[in-house]
Amino acid sequence: MKRVIGIGNALTDMLVNLKTDSVLGRFKLPKGSMSLVDTYLQTEISKSVAGLPYSLSLGGSAGNTIRAMARLGCKVGFIGKVGQDTTGDFFEQALENLGVEPIVFRGLERSGKCVSLISADGERTMVTHLGAALELTAEEIVPTIFDGYDCLYVEGYLVQDHKLIEGAIRTAKQCGLKVAIDLASFNIVQENREFLRRLVSEQVDIVFANEDEARVFTEETEPLNALQAISQMCSLAVVKIGTKGALIKQGDEVVHVGIMAAAKRVDTTGAGDFYAAGFLAGLCDGLSLRQCGTIGAITAGKVIEVVGTTFGEEAWEEIFRLVRKVKNEKYLF
């Protein structure tokens with residue numbers, strides 16, 4: 001596995017730092033969840049946090065993962081749809097600037113946006129209007145898109161369109177690619193559990209899930225039992241267990257990898273996405289499960305030290321230094 005192409009909702013993130021969680025209660029938003037909303041509700045929520053510090057960045061779960069993999073030196077591409085607007089222009093150009101091959105279609109709606117509400121403890125609650133991202137269709141995902149790629153990485157949030165996610169995976173498998181999926185938010189998994197179980201059992205090779213997602217997906221309360229249940233559906237299962245690290249299983253091999261302690265937990269936005277980026281980058285380099293998990297822990301540990309998923313060259317240089325140690329097996333959790 002050398003080249004990875006991601007497919008997901010092409011979004012721009014608006015990251016808002018909350019002083020209290022009162023807005024979550026007012027709009028009945030479960031803390032830590034991702035909710036799909038219409039333009040009106042997203043605008044009302046944005047108005048309610050007007051005046052609080054915020055920033056803008058490229059977003060989308062698969063987009064975060066693919067962009068981080070590009071920085072880690074992997075050959076990657078991204079499939080998505082944006083509007084015929086300046087936000088869409090910005091999104092496509094930013095991918096090119098990062099060395100990501102953009103397979104970016106243009107829709108009729110405006111480009112999608114995610115309002116990420118960041119609580120004081122760093123937990124994020126996302127309110128997403130998908131806009132043009134919703135217009136991506138299975139028919140647009142033709143076999144030639146996958147030329148030269150070895151793996152399709154799918155964000156679980158695409159499950160809002162069963163036909164799209166099934167069609168993209170089916171085409172990728174017919175082209176000989178492996179398929180990896182991140183199960184996204186626990187509430188999304190709960191709403192689509194039977195569909196996701198069938199999809200994973202029949203078509204998916206690699207599954208990433210956090211503890212809540214794994215519990216809902218398998219109906220197993222213990223992470224190790226959930227890991228076992230997922231591993232019976234696919235060839236490689238990863239269950240992230242917060243501050244306890246991650247459990248990884250492939251065949252008979254089970255590995256527990258700890259976390260890299262963050263200097264300060266500022267914002268968990270993108271932590272799972274960056275974990276997948278580090279892990280998949282390790283697979284692309286043919287590393288062991290423990291090495292892959294350690295690189296995932298390094299990238300996830302760094303991204304939670306900043307608001308959003310963008311950080312400076314100094315942080316990336318630190319990541320590169322630690323990854324080199326991992327490759328030499330001098331730095332393992």
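Leaving aside its neighbours within four places in sequence, which residues is Ser231 in contact with? Ala237 and Lys249. Keep in mind throughout that this is a predicted model. Here are my notes, point by point.

1. **Ser231 and its surroundings.** Ser231 sits in helix α9, which covers residues 223–231. Its relative accessible area is 15%, so Ser231 counts as buried, the cut-off being under 20%. Of its two contacts beyond four places in sequence, Ala237 and Lys249, Ala237 belongs to one face of β12, so that strand is a natural next stop.

2. **Strand β12, covered on both sides.** β12 spans residues 236–240, and five of its five residues are buried. Looking at the faces separately, Leu236, Val238 and Lys240 are on one side, while Ala237 and Val239 are on the other, and all are buried. As background, side chains in a regular strand alternate between the two faces of the sheet. Do note Lys240 in that list of buried residues.

3. **Who pairs with β12.** With β11 (residues 206–210), β12 pairs in the parallel sense, over five bridges. Val207 has Ala237 as its bridge partner there. With β13 (residues 246–250), β12 runs antiparallel, and five bridges join the two. In that pairing Val239 is matched with Leu247. Five residues lie between the strands in the β12–β13 hairpin, and Gly242 takes a positive phi near 60°.

4. **The nine-stranded sheet.** These strands are part of an open sheet of nine, ordered β6-β5-β1-β9-β10-β11-β12-β13-β14, with mixed pairing. At the edges are β6 (101–106) and β14 (253–257), each pairing on one side only. From one strand to the next the twist averages 15°.

5. **Helices on that sheet.** Helix α4 (residues 86–97) lies across β5 (75–82) and β6, and runs at about 165° to β6. Helix α11 also packs on the sheet, where it touches β12, β13 and β14, and its direction makes about 30° with that of β14. α11 covers residues 289–303, 15 in number, and reaches 21 Å from first C-alpha to last, close to the 21 Å expected at 1.5 Å a residue. Coverage is high here too: 14 of the 15 residues of α11 are buried.

6. **Ile181 in β10.** What is the relative accessibility of Ile181? The value is 0%, so Ile181 counts as buried. Ile181 lies in strand β10 (residues 178–182). Beyond four places in sequence, the contacts of Ile181 are Val154, Gly156, Ile165, Leu196, Leu199, Val200, Val204, Ile206, Val207 and Phe208. One of these, Val204, is 23 residues away in sequence, with a C-alpha to C-alpha separation of 7.2 Å. Another, Val207, is the residue whose bridge partner in β12 is Ala237.

7. **The α5/α7 pair.** Among the contacts of Ile181 are Ile165 and Leu199, and both also take part in the meeting of α5 with α7. The axes of α5 (residues 162–174) and α7 (residues 193–203) come within 12 Å and cross at roughly 5°. That makes the two helices roughly parallel, since angles under 35 degrees count that way. On the α5 side the residues are His162, Ile165, Glu166, Ile169 and Lys173; on the α7 side they are Phe195, Arg198, Leu199 and Gln203. By type, the residues of this contact divide into four nonpolar, two polar and three charged.

8. **The other sheet.** There is also an open sheet of five strands, in the order β3-β8-β7-β2-β4, again with mixed pairing. Why is one side of β3 and of β4 left without a neighbour in the sheet? β3 (34–36) and β4 (54–59) stand at the edges and have a single partner strand each, so one side of each has no neighbour. Here the twist averages 20° from one strand to the next. Further in, β2 (residues 11–17) and β7 (residues 112–118) run parallel and are joined by seven bridges. Within that pairing, Val16 has Leu117 as its bridge partner.

Terms used: Residues are numbered from 1 along each chain as its sequence is written. This is a predicted model: local features need pLDDT of at least 70, side-chain atom pairs count only at pLDDT 80 or more; totals for chains, interfaces and linings use all residues. Side-chain values use heavy atoms; hydrogens and water are left out. Helices (H or I, at least four residues) and strands (E, at least two) are DSSP runs, numbered from the N terminus. Buried means under 20% relative accessible area, exposed over 50%, partly exposed in between (1.4 Å probe, protein chains only). Contact means heavy atoms within 4.5 Å. Two strands pair if DSSP finds at least two bridges between them. Axes are lines fitted to C-alpha atoms, for helices over the stretch in contact, and angles run from 0 to 180 degrees between N-to-C directions. Angles under 35 degrees count as roughly parallel, over 145 as roughly antiparallel, 65 to 115 as roughly perpendicular and the rest as oblique. Ala, Val, Leu, Ile, Met, Phe, Trp, Tyr, Cys and Pro count as nonpolar, Asp, Glu, Lys and Arg as charged, and the others, Gly among them, as polar. The expected span of a helix is 1.5 Å times one less than its number of residues.
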